[in-house]
Each structure stands twice: as structure tokens, then as C-alpha cells.
Amino acid sequence: MTRLSECYLADESMTEYAGARIALSLPANGAVIYLEGDLGAGKTTLSRGLIRALGHQGAVKSPTYTLVEPYEDFEFPLYHFDLYRLSHPEEVEFLGVHDYFKPPAVCLIEWPGRGKGFLPSADIHFFLADEGDGRRLSWQAGTVKGAEIAHNLNKLLVFQGSNDSQESVQ
Ligand code: ADP
Ligand code: MG
């Protein structure tokens with residue numbers, strides 16, 4: 001499961017759009033999604049697009065201080081984690097989140113490295129990085145389920161551009 005795909009996101013709205021496309025790619029039985037990239041890379045923006053596409057109407061705040069924000073008004077529950085402020089990985093245990101990691105829940109986890117050893121492994125990883133005025137988004141499946149998500153996503157994200165490094169989302 002090493003297939004890696006990527007696209008260029010020219011502005012914030014494209015990051016939200018990519019998140020919405022990921023929402024459409026999710027299986028019915030939940031997924032663990034790692035969101036990686038530096039501070040300000042766009043992880044929360046991507047999450048906002050995904051969560052809104054699932055039907056959430058209100059604000060999508062960054063769970064910087066609460067560490068996890070539950071969204072339980074969808075067909076399936078979604079838990080948005082931001083583990084940046086976790087001091088030790090084992091603190092994940094104190095969040096009382098074990099039920100969160102069970103299907104059909106979808107877990108979106110920013111800064112998963114901070115909880116290393118105490119989190120389920122990722123079905124799919126998304127990586128965000130600065131590139132020019134925009135962002136480069138890439139993803140890699142970690143499980144068969146993640147490969148299905150990537151497969152669905154590849155059909156939904158249509159690329160344009162004249163060379164491999166400049167494709168952007170239409
Ligand atoms: P993170 O959660 O990774 O720390 P945020 O999602 O909070 O990052 O985003 C940080 C900033 O990046 C926001 O100001 C947002 O508007 C901006 N941003 C998001 N996506 C893009 C993009 N594709 N191009 C340019 N700026 C972007
Ligand atoms: Mg964030």
C-alpha cells in the first residue's frame with residue numbers, strides 16, 4: 001500500500017474543496033485519517049471543508065485546547081483531534097477516546113505524532129506543505145480501506161496543468 005498521490009491547492013478555498021472531496025470518498029464503516037504538516041500548513045482548513053461537506057452548519061474550530069472536538073450529528077460520528085498540545089503520548093488515554101476509534105466513527109487527527117503508540121494506525125495519511133503561495137497536498141494509504149479512500153479520491157479530484165508538478169484541483 002505505497003501508492004502516493006498529490007495535488008496543488010492554490011488557495012484556502014481549494015483546501016476546503018479538497019476536504020469536501022475527501023468527505024465524499026469515505027467508506028460507510030469509518031476511518032482513521034492522519035493530517036500531517038507544519039503549523040499553518042492547512043490541516044484545520046482541510047478538516048473544515050470535510051466536516052462542512054458532511055452537513056455541519058456551524059463553525060469548525062480548531063480543537064487546539066480541547067484536543068478533540070466531537071461531531072455527532074451526522075450519519076456516523078466524526079472526531080476531530082488536534083494533538084499539538086499533548087505533552088506525552090500516553091495522555092491520549094486520559095481523553096477517554098477509546099470508543100472514538102471504533103467503526104463507524106471517522107477520526108481526523110492533526111499532529112498524530114504527538115500521540116504515537118497510543119493511537120490506532122492510519123487508514124490514510126494526508127500531508128500538507130507550503131508551496132509558492134499555495135499548498136501541496138499529498139496522501140498515502142496505510143490499509144486496504146485507505147487504498148479504497150485514495151481510489152475514490154483519485155476519481156473525484158480532477159487535475160489540470162501542463163506538467164506533473166503544477167497540476168491543481170479543478
Ligand atoms: P494548520 O491546522 O495546519 O495549523 P490552518 O488550517 O489553520 O493550518 O491554516 C493556516 C492558514 O493557511 C490559514 O490562514 C489558511 O487560510 C491558509 N491556507 C489554507 N490552505 C491554503 C492554500 N491552499 N493556499 C494558501 N493559504 C492556505
Ligand atoms: Mg490546525
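The legends below accompany close-up views of a predicted model.

**View 1. The magnesium ion (ligand 2) and its two protein donors, Thr44 and Glu110.**
Start at the metal: Thr44 offers its OG1 atom and Glu110 an OE atom, at 2.1 to 2.3 Å from the magnesium ion. Threonine 44 belongs to helix 2 (residues 43-53) and glutamate 110 to strand 5 (residues 106-110), so the pair ties together parts that lie 66 residues apart in sequence. Threonine 44 has a relative accessibility of 16%, so this residue counts as buried. Glutamate 110 is buried too, at 3%.

**View 2. Helix 2 and the residues that flank it.**
How many of the eleven residues of helix 2 are buried? Nine are, and the helix is mostly covered. They are Lys43, Thr44, Thr45, Leu46, Ser47, Arg48, Gly49, Leu50 and Ile51. One of them, Thr44, is a donor to the magnesium ion of View 1. Before the helix comes glycine 42, placed in the loop between strand 2 (31-36) and helix 2. Glycine 42 has a relative accessible area of 12%, under the 20% limit, so it is buried. Look also for phenylalanine 126: its C-alpha atom is 11 Å from that of glycine 42, although 84 residues separate the two in sequence. Just after helix 2, glycine 55 adopts a positive phi of about 115°.

**View 3. Helix 1 and its buried face.**
Helix 1 (residues 12-25) has 14 residues, and at 1.5 Å a residue it should span 20 Å; the C-alpha atoms at its ends are 20 Å apart, which agrees. Which residues of helix 1 are buried? They are Thr15, Ala18, Gly19, Ile22, Ala23 and Ser25. Viewed down the axis of helix 1, these buried residues fall within an arc of 165°, so they line one face of the helix.

**View 4. Strand 4, enclosed by the rest of the structure.**
Five of the five residues in strand 4 (residues 78-82) are buried, so this strand is largely enclosed by the rest of the structure. Which way do the residues of strand 4 point? Leu78, His80 and Asp82 point one way, while Tyr79 and Phe81 point the other way, and all are buried. This fits a simple pattern: in a regular strand, side chains alternate between the two faces of the sheet.

**View 5. Strand 4 and its pairing with strands 3 and 5.**
Strand 3 (residues 68-71) pairs with strand 4 in the antiparallel sense, over four bridges. A hairpin of six residues joins strand 3 to strand 4. To find your place in this pair, look for glutamate 69, which stands opposite histidine 80 in strand 4. With strand 5, strand 4 pairs in the parallel sense over five bridges. Here tyrosine 79 has cysteine 107 of strand 5 as its bridge partner.

**View 6. Backbone details in three loops.**
In the loop between strand 4 and strand 5 sits proline 104. The peptide bond from proline 103 to proline 104 is cis, with omega near 5°. Leucine 67, in the loop between helix 2 and strand 3, has a positive phi near 75°, though it is not a glycine. Is leucine 67 buried or exposed? Leucine 67 is buried, with a relative accessible area of 12%. Tryptophan 111 is in the loop between strand 5 and strand 6 (124-131). Tryptophan 111 also takes a positive phi, of about 55°, without being a glycine. At a relative accessible area of 18%, tryptophan 111 is buried.

**View 7. Arginine 136 and its contact with glutamate 131.**
Arginine 136 has its place in strand 7 (residues 134-141). Its relative accessible area is 10%, so arginine 136 is buried. What joins the side chains of arginine 136 and glutamate 131? A polar contact of 3.0 Å does.

**View 8. Two buried cysteines, Cys7 and Cys107.**
Cysteine 7 has a relative accessibility of 0%, so it counts as buried. Cysteine 107, the bridge partner of tyrosine 79 in View 5, is buried as well, with a relative accessible area of 1%. How many disulfides does a search of the whole structure find? The search finds zero.

Terms used. Residues are numbered from 1 along each chain as its sequence is written. Chains are lettered from A and ligands numbered from 1 in the order in which they are written. This is a predicted model: local features need pLDDT of at least 70, side-chain atom pairs count only at pLDDT 80 or more; totals for chains, interfaces and linings use all residues. Side-chain values use heavy atoms; hydrogens and water are left out. Donors are N, O and S atoms within 2.8 Å of the metal (3.2 Å for Na, K and Ca); water is not among the atoms, so sites may look incomplete. Helices (H or I, at least four residues) and strands (E, at least two) are DSSP runs, numbered from the N terminus. Buried means under 20% relative accessible area, exposed over 50%, partly exposed in between (1.4 Å probe, protein chains only). A polar contact is a pair of N or O atoms within 3.5 Å; within protein, one must be able to donate a hydrogen and the other to accept it, and residues adjacent in sequence count only if both atoms are side-chain atoms. A disulfide is a pair of cysteine sulfur atoms within 2.5 Å. The expected span of a helix is 1.5 Å times one less than its number of residues. The arc is that of the directions from the helix axis to the C-beta atoms. Two strands pair if DSSP finds at least two bridges between them.
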